[in-house]
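Me: Please take a close look at one part of the structure shown below, working outward from a single position to its wider setting. A connected account would be preferred to a list.

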Amino acid sequence: AWAQNRVVVNADLAKDTISRHIYGHFAEHLGRCIYGGFYVGEDSDIPNTNGMRNDVVAALKKMGVPNLRWPGGCFADTYHWKDGIGPKEDRPSMINIFWGGTTEDNSFGTHEFMELCQQLGAEPFINGNLGSGTVQEMVEWVEYLNHPGGAPMAKLRSENGREQPWNVQFFGIGNENWGCGGDMTAEYYADVYKRYNNYIRDYGGPRLFRLPSTANSADYHWTETLMKNVPLHTMSGLGFHHYSVINWSDKGSATNFSTEEYFQTMEKALQMEELIQRHGAIMDRYDPKKRLAMVVDEWGGWYDVEPGTNPGFLYQQNTMRDAMIAGATLNIFNNHADRVRLANIAQTVNVLQAVALTDGNKMLLTPTYHVFEMYNVHHDALMLPLTVETANFELNGRALPAVSASASKDQSGKIHITLTNIDPTKKQEVPINLRGMKASKVSGRVLASGKIQDYNTFDQPNKVQPTEFKGAKLKGETLTVSMPPASVVVLELQ
Ligand code: AHR
């Protein structure tokens, strides 16, 4: 770290596109994410379109949901897709063994998920069941989704009201199979993956993006084993899940936390950089041309559930701390656009680091929502490589880099720079040297609040929201940005 901040944006060195899919979301059959969060049913008093909440869908469309991962998570390896198609009254029930032992009535299944994706304008990302399902079941699901016609599953699909194939691209072959997905070793899973994958077919639409179960955070052995044991052309990506959790047995309150806890959460969040570099170094040895995408299909902050709520439902509030996790993490993803090409924050509505929370017919947008909305200018834009020298965020003799940044140029030629200052007590002056570009005008928005513990409630839904940013001054090739403590800024240069 440096005593002073300095950012250099190298517009002349741009070559990689930031895939919009790193801005993906995740919706599991868990607590109130699907039921109550997205889906209330056609007969609900809550305004809906074919059962999907209008308020949630409209807000998420504005933010942008490039892809949505479903039905889990741990739930995916217990899910039998055929129980979720056909007339609802005939669909069998099951117990959601991982999440609260609730009874799942399967009223939200494949057709409902595809309807949700269509309303959101999101690409579906479906995670198949390798842990407790059969090879045949997985093969038939892909056939049901993607076969154009004539096959038994395409026939069943059209009997259920859908003639055309959906041409689903993103497909996960198991989830966390080192844990809830069957407690397998990497070596064993690699063999099982090959067996399942061997029978899955492409049916003329876009080629299936085949994703094996990704690693647990810093489990580099998992990545190494899959890269070594599975033929590379049979996988489209590989990666890891990483949660910013202080301590799995004592995660701490989502809202009532100390600066020390905030520091520890941010330390975990910023570990994303090292994880990408180290998993990436392994992938590079086998795949130097970076054909495989790195996929971070679960990430975000994880705290104790809100007092009085079901511990199996993972319902937590969302503060400025979460905005800082999101801003810093998305900057890291952008800067690794050459390898990181798919990611999903966990989980969209009412679960973990959600972008929206609901209570009956009410909905609020969280600080995390606002970061995703501010950063959507980077979707599919050309990444502008930058270097960052930053002051420290210091606490009790330890230090983290205070400032992070990323930049891109969109198709209309506008340049966007996103910055975070994670230090909750200090402002940052950030001089930015704009190499290889000409700009005459700067505007921006900032997300900041009095305290890092601030959050939106159903009574005060707009306590934390972005405002116009007036702290950027442009002079020739230098842009000087004055960032408030604990803030996220997006700048537009023309
Ligand atoms: O997102 C919650 C859970 O975290 C997912 O179901 C699982 O994949 C992970 O352990």
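Reply: In this predicted model, T49 is placed in strand β3, which covers residues 48-49. T49 counts as exposed because it has 12 C-beta neighbours inside 10 Å, and the class of exposed residues takes in counts of 12 or fewer. Once neighbours within four places in sequence are set aside, T49 is in contact with N54 and Q119. For a sense of scale, the C-alpha atom of T49 is separated by 35 Å from that of G239, which stands 190 residues away along the chain.

A second strand residue can be read in the same manner. M94 belongs to strand β6 (residues 94-95). M94 is classed as partly exposed because 18 other C-beta atoms lie within 10 Å, whereas 20 or more would be needed for a buried residue. Apart from neighbours within four places in sequence, M94 makes contact with D83 and E104. The C-alpha atoms of M94 and R162 are 25 Å apart, with these positions 68 residues apart along the chain.

The backbone leading to β6 has a feature of its own. P71 lies in the loop that runs between β5 (67-70) and β6, and the peptide bond from W70 to P71 is cis, with omega near 5°. Another cis peptide bond joins A346 to Q347, where omega is about -15°. Q347 is in the loop between β14 (340-346) and β15 (356-359).

A346 and Q347 also appear among the residues around the ligand, together with E28, G72, G73, C74, N175, E176, E298 and L352. By class, this shell divides into 3 nonpolar, 4 polar and 3 charged residues.

The torsion angles call for a further remark. Most residues other than glycine have a negative phi, and most peptide bonds are trans. D380, although not a glycine, has a positive phi of about 60°. D380 is in the loop between α9 and β17 (382-384) and is partly exposed because 14 C-beta neighbours fall inside 10 Å. A486 is likewise a residue other than glycine with a positive phi, here near 40°. A486 occupies the loop between β27 (478-483) and β28 (487-493). A486 counts as buried because it has 28 C-beta neighbours inside 10 Å.

Among the helices, α3 (residues 135-146) has 12 residues, which at 1.5 Å a residue should span 16 Å; the end C-alpha atoms are 17 Å apart, so the expected and modelled lengths agree. The buried residues of α3 are M138, W141, V142, Y144, L145 and N146. Their cover includes β8 (123-128), α4 (152-159), β9 (170-173) and α5 (186-199).

Helix α7 (residues 259-286) can be treated in the same way. With 28 residues at 1.5 Å each step, α7 should span 40 Å, and its end C-alpha atoms lie 42 Å apart, which agrees. α7 nevertheless bends by about 30° at E273. An α-helix has 3.6 residues a turn, so residues three or four places apart point the same way. In α7 the buried positions are Y262, F263, T265, M266, A269, M272, L275, I276, H279, I282 and M283. Q277 also lies in α7, but Q277 is only partly exposed rather than buried, because 13 other C-beta atoms are found within 10 Å. The C-alpha atoms of Q277 and R339 are 9.9 Å apart, although these residues are 62 places apart in sequence.

Finally, the domain assignment divides the protein into domain 1 (18-380) and domain 2 (385-493). Their C-alpha centres are 29 Å apart. The contact draws on 35 residues of domain 1 and 30 residues of domain 2. On the domain 1 side, at least two residues each come from α7, α8 (320-335), β16 (362-365) and α9 (367-375). The largest share of that side, 9 residues, is supplied by α8. In composition, the domain 1 side of the contact comprises 17 nonpolar, 13 polar and 5 charged residues.

Technical notes
Residues are numbered from 1 along each chain as its sequence is written. This is a predicted model: local features need pLDDT of at least 70, side-chain atom pairs count only at pLDDT 80 or more; totals for chains, interfaces and linings use all residues. Helices (H or I, at least four residues) and strands (E, at least two) are DSSP runs, numbered from the N terminus. The expected span of a helix is 1.5 Å times one less than its number of residues. The bend at a residue is the angle between axes fitted to the seven residues ending there and the seven starting there. Domain bounds come from an automatic or database domain assignment. Two residues are in contact if their C-beta atoms, placed from the backbone, lie within 7 Å. Ala, Val, Leu, Ile, Met, Phe, Trp, Tyr, Cys and Pro count as nonpolar, Asp, Glu, Lys and Arg as charged, and the others, Gly among them, as polar. A residue is near a molecule or strand if its C-beta atom, placed from the backbone, lies within 6 Å of it.
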